[in-house]
Amino acid sequence: MNLELLQILLNIILIISALYLVCIFAFTYGLYSLKERFFTFNKKNDLKVSILIAARNEENNIERLLKSLYNQTFAKDLFEVIIIDDHSKDNTLLIVENFIKENNDINLKIFNAEKEGKKFAISQALHLAHNDLVIVTDADCVLKTTWIESIVNFYNEKKCKMILAPVLLSPAETFFEKIQVLEHLSLIGSTAGSANIGFPVMCNGANMAYEREAALEVEKFRKDFNIPSGDDMFLMEQFVKNYGHQSVKFLLSKSAIVETKTCKTVSEFFRQRRRWVSKTKAYTSWKILTTAFIVLFFNLSIVSLFVSAFFIPALWSLYFLLTLLKFFIDLPLLKNITSFMNQSGLLKWTLLLEFIYPFYVVFTAISGMLINVRWKR
């Protein structure tokens, strides 16, 4: 590599690093300026809610979800639960049907999916829903008992079109689980911070709510149903297009946290992340695309320096310097969100994660764009 080419490469890395700094600083500012919400429960309420869930081969998880729905502090006569069984090949359907028979005081219904895929299942449930506010979660989640009540209280205050809420991966016992939780917390922190500055670029379909009529309206404009992933992101993207960036708010409240499982194996983890990445090429929002490409190219810069350093040893110092810079840029956001989630003990793994993360991001980005993905096997 000649000096002129090296200088161009270093200038590009400098520009990308500056953009990354600005991006993460903005999200961090948004997160720190977002006030944690505490609610007084058991208030009078007449708002009715529909809970939508897509399930496929969840026999090991769905009973935990059903029990956490049954134990909600929100009045049972004010919410309905609609589950769409997406062609399960296990006992998911049977478990739900038995739960309905044993607990007839909760308005719970299950339907067979008309089409295949989570996106179609959620759409089908939306059209079957009767109530003004819709809340969506996943079949492998566990909910705080105050989950519905927290979201309803927040909606009654804000009257926003869409609400995003926190998701925590659990457990975090092995090293692999710990870095999964820490990486996911960085995404939740960025989701909260970006939404709070009126720049929503991420969301998580395991914990979100929206007005039913608004969702039915934006569905008319969506063109992403041929893409297996992204039931949450494409919906949020269309909400912002139709109703503006202030229509999306993040609920920062421990009483609204949803827990879902960490991936058990590395292959399962990468399949999930490839699903997330595969939808990027179909986004039309410049905010989402710009953020995604800044993060990708910053991490690609670190990987490029690592590879180049084998041929130009002087670049090793720059590689370590850029990785440490990323660590110090990311740390304030991670410190805030891990504290909120009571996961501060994971911060000690942050520096190690920073050395792993760029390679993981580049690998999943490339493979996610090239490999065909499905929602679930």
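Two strands pair if DSSP finds at least two bridges between them. Strands (E, at least two residues) and helices (H or I, at least four) are DSSP runs, numbered from the N terminus. This is a predicted model: local features need pLDDT of at least 70, side-chain atom pairs count only at pLDDT 80 or more, and totals for chains, interfaces and linings use all residues. Residues are numbered from 1 along each chain as its sequence is written, and side-chain values use heavy atoms, with hydrogens and water left out.

**Stop 1: the three-stranded sheet**

Select E5, E10 and E7. They form an open sheet in the order E5-E10-E7, with mixed pairing. Its edge strands are E5 (141-143) and E7 (167-170), each pairing on one side only. Now add E10 (residues 258-261): four bridges join E10 to E7, and the two run parallel. Find leucine 169; opposite stands threonine 260 in E10.

**Stop 2: strand E4**

Move to residues 133-138. Six of the six residues of E4 are buried (under 20% relative accessible area, 1.4 Å probe, protein chains only), so the strand is largely enclosed by the rest of the structure. Leu133, Ile135 and Thr137 lie on one side, Val134, Val136 and Asp138 on the other, and all are buried.

Next, show the neighbours. E1 (residues 49-55) pairs with E4 in the parallel sense over six bridges. E8 (residues 208-211) runs antiparallel to E4, joined by four bridges. Click isoleucine 135. Isoleucine 51 stands opposite isoleucine 135, and so does alanine 209 in E8.

**Stop 3: helix H1**

Finish at residues 3-32, helix H1, where leucine 5 has its place. Leucine 5 is partly exposed (between 20% and 50%), with a relative accessible area of 45%.
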